[in-house]
Each structure stands twice: as structure tokens, then as C-alpha cells.
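This report summarises the packing, overall dimensions and surface of a single protein chain. The sequence and structure are shown first.

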Amino acid sequence: MRTVRSQGDAFVQDKISWNQALIEKYNYSGPRYTSYPTAIEFHKDFSDADLRQAIIGSDKRDLSLYIHVPFCHKLCYYCGCNKIITRHPHKADQYLDYLEREIKNRAPLFADYTVTQMHWGGGTPTFLNHEQIRRLTGLLKQHFNFANEGEFSIEIDPREIELETVDVLKEVGFNRISVGVQDFNKDVQKAVNREQDEQFIFDLVKYAREQGFQSTNVDLIYGLPHQTPENFQETLERIKALSPDRLSIFNYAHLPHRFAAQRKIHEEDLPSPQQKLKILENSINTLTGEGYQFIGMDHFAKPDDELAKLQRAGKLHRNFQGYTTQPDADLLGLGASAISSIGNAYAQNQVALKDYYDAIDAEGHALVKGCSLERDDFIRRAVIKQLICHFELDTTTIERDWDINFNEYFAEDLKLLTPFIEDQLVEVEGNIIRVTAQGNLLIRNICMCFDRYLREKARQQQFSRVI
């Protein structure tokens, strides 16, 4: 399903060519490429001094903030996120105390930056009560320079929020929300310990629109227990009625050896691999038939959404938050496990809450690992980002920007691309490498051809399957 630029701001999408045999052939483990190099290349030799040097060396002056709030009221059995299940609001007060210290430590390093994007994730950021939400936004606006207009979003669990919270979010500056729905089917919800009120979700989205929120994203998950192509289609019909601006449909990766909560999910209740693929195929056909633009991998957007417009203009970007509208911004992550992408470096905070607190007490910051990018990393990152965002690469652009001969530099990589060309998943016409309509779903595999770190094949097992 390739996006084709056309006259004005209109777009045309080829109907997806679903080839079951090829999808099964290439459905092996691989990165999601929210960064290159990927996070498994981070190492503990990377220091706070390295990060500070990256900030000094960066030529960007727009800043995207990511705030990680790790708390949830209830455990969702499928979840692999960094979260803490608690009902005690005072734990959030303690977390904000430490977050305040991290903010005060980091903000002076970005005194000449302007925050044009902010996202709160988790966990469940709306675990914070109204006073705590106001406190945290007040701290951020006190210590960072915020643009008058920007993209300021927050993830919401519809089970643990009141409509009045939308008023508070609007008051403190949020203009976008992301609602975790996962599935409207009650049997599926019970099996993953996430029962929720369907009508309230509709009321929540409606109320947010009435209050002037610019965009609503909804998250779904396919591959959960008791899901079938038939009952997930019913969820899709409800989604059509809900009509979110953006939509993410994530693949559930069942990894009970890594995530203890997933041991509560019975494997015999999971859909078969064939059923999962059918659910995905139906989802793509239903949503594109409804007019959504297939952004890539598991993301959809209405044609008038900023993500869709930027993709058609060839300006879409991708970072640790997924597809994003801020190609010219550095990313600063704050809170436990948060990741930053600044200048020529990636950096990650301590993951476990106790380690995060101990690091703030000892150092004033919580950086635990990261990596500095070499010239080759930047070149390959540019190639991978262009392919994963736009499904098309003009090799002469890479040659011009990096003063290389593309075919010579990527000779080994192009050999790895040969099977994809033979299977008609990729076309090469002169200086253009283009992913075909049936290759879009396997874009991660295609990008892997240009990933020199994945030459050690055994390391692929650290990633989820691409579909």
C-alpha cells in the first residue's frame, strides 16, 4: 500500500497486494527502527559528559519532550511496558519530587531551545491527579521555553479518568490525546484484565473534540486471547463510528518468559498465526476503505492529519515515539527508562524506579547508558528513515548529502536486498529504490538489509516478529 503523491494535497494509495506465502516467508524477528542504531547497541560506557557534548554539538533548536509516568492502577496482562501497579497517589508525589530534580538538572542545558512537541507516556500518565498534572506541567513550563503552538499529547486509560480531567488537560496546554482501547470485545477484555466502558470511550472522544483538542489517537492490539477475524471486525466497525484522527494497531508479542504478567494469558486462547494475519489484512482493508491513509507498519491517519500530510510531502520523521511530525527537533526523555535522541547521541535513563531514585540522589540525573553515532550510523539512519517513512529512496540524495557512491558503499547491503527484489517486494529503477504495495508490510525486513549491526544473525532474537 504505497502512498503516491499527486496534485494538490490529494493522495492515491495502491490497494494492498496480500501475499500470504511471502508474508510467512519473511515474518521473522526484527527491530521497529524507532532509532538507528537500535537500543540494544546502547552501552554503559556512554557518560553524562558524552550527552552534554552531544547537546553542545547539536545544530537543532527545537525540542521534543517525552515524560515517562510509570504508574498504573491495574495490570493489563499483555503489557510489556515499564510500569508499576499501585493505588497509592503518594507514590506519584514522590516520583514528581525526583522528576523535578531531573528537570532542574537538565533544563539549563536546553536554555536556547524551544519546546515544540511534548508527549506523556507510561504506564498511565492520567494516573496523576489534577493537582499532580498541574504541578508537573508547571515545572516543565517554568524550566523550559515552550512554543505558543505545538503538538502536546498524553496517553489516556479510559478506565481511570473522568471527563473533568479533559478540562484540566486542556487548561495546562495539551491539545492531543491517545486512548488505549485495544479491543471492544468483552471476552477479550476479561482475558487481558482490561474491562472498560465502551460508551464512556465514545463520550470521552466526543468531549475532547468539543473542548478543542486537535487530534485523537486510538490504540488497538491484534493477537490477544479470544480474538478472531470475525469479532475483531466488529471492533473495527465501532472504530469507524468513533472516527479517531489517528490509529495504531499493534501486534501482540507473547513473551511470557520476559513479561511475568503474560503468564496469566493462556496460549491456547490466542489466535493462530493464520488468524492473526487475517485480522491484520482485514484491518488494513477496512481502514483504508474508510479513507484512512496507511502511514506504515501499524499506523493509520486521516488524510487531513498532519502525519498524513507530512508523509505525502516526503517530510515524515520517526523516533522513539514512533512516526512523528518533528523532523528538526532533538528529543529529551525525562523519567524512569526514558530515552533521548540529541545531536549525535542516544541516551537512556535508569529503568527500575529504585535505580532511577538512587541515580538522582547520587548524580542529579539518571543516565545509565547510550551511544554516540559514527558517520556510518548517520548514513544508514538516513537510508532506513527514508524507507520506513516513505517507502521510497532516491540514492542520489544520499550520495549528495554524504559524498559517497551509493552502490559501492552499500554493496553488501544491496546483495541482501536481492531476495526482496526477486519476490517483487522492492523495485529498483535507476537511482530509485521503491517498496511495492505488497512490500509495505515487510518494511522492517527491508530496512534490516541496511543494518550492519544485524549481520550477527543471532541478535535478531532480541526483537519481536515483524508481523
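## Core packing

In this predicted model, L65 makes contact, beyond its neighbours within four places in sequence, with V115, Q117, M118, H119, L140, F144, F146, Q321, L331, L332 and L334. L65 belongs to the largest nonpolar core, which holds 82 residues. Together with W120, L140, F144 and Y356, L65 is among the residues that touch the most other members of that core. Two of these, L140 and F144, also appear in the list of contacts of L65.

A further core lies apart from the largest one and comprises 39 residues, including L387, I388, V435 and I443. In soluble globular proteins, nonpolar side chains tend to be buried together.

## Fold and dimensions

The protein chain contains 16 helices and 21 strands. Of the contacts with a separation of 6 or more, 74% join residues that are 24 or more positions apart.

The C-alpha trace spans about 60 × 50 × 50 Å along its principal axes. The radius of gyration is 22 Å, and this agrees with a compact globule because a globule of 467 residues would have a value near 23 Å.

## Burial, surface and charge

Of the 467 residues in the protein chain, 58% are buried. The accessible surface amounts to about 19,400 Å², and carbon and sulfur atoms contribute 46% of that area.

The protein chain carries 55 positive and 68 negative charges. The mean positions of the two sets lie 1 Å apart.

Conventions:
Residues numbered from 1 in each chain as written. Predicted model: local features only at pLDDT ≥ 70, side-chain atom pairs only at ≥ 80, totals over all residues. Heavy atoms only, no water. Core = buried A, V, L, I, M, F, W, Y, C linked by side-chain atoms within 4.5 Å. Buried < 20%, exposed > 50% of the residue type's maximum accessible area, 1.4 Å probe, protein only. Contact = heavy atoms within 4.5 Å. Helix = DSSP H or I, 4+ residues; strand = E, 2+ residues; numbered from the N terminus. Rg over C-alpha atoms; globule rule 2.2 N^0.38 Å. Areas by Shrake-Rupley, 256 points an atom, 1.4 Å probe, with all protein chains shown as cover. Lys, Arg positive; Asp, Glu negative; His and termini not counted. Charge placed at Lys NZ, Arg CZ, Asp CG, Glu CD.
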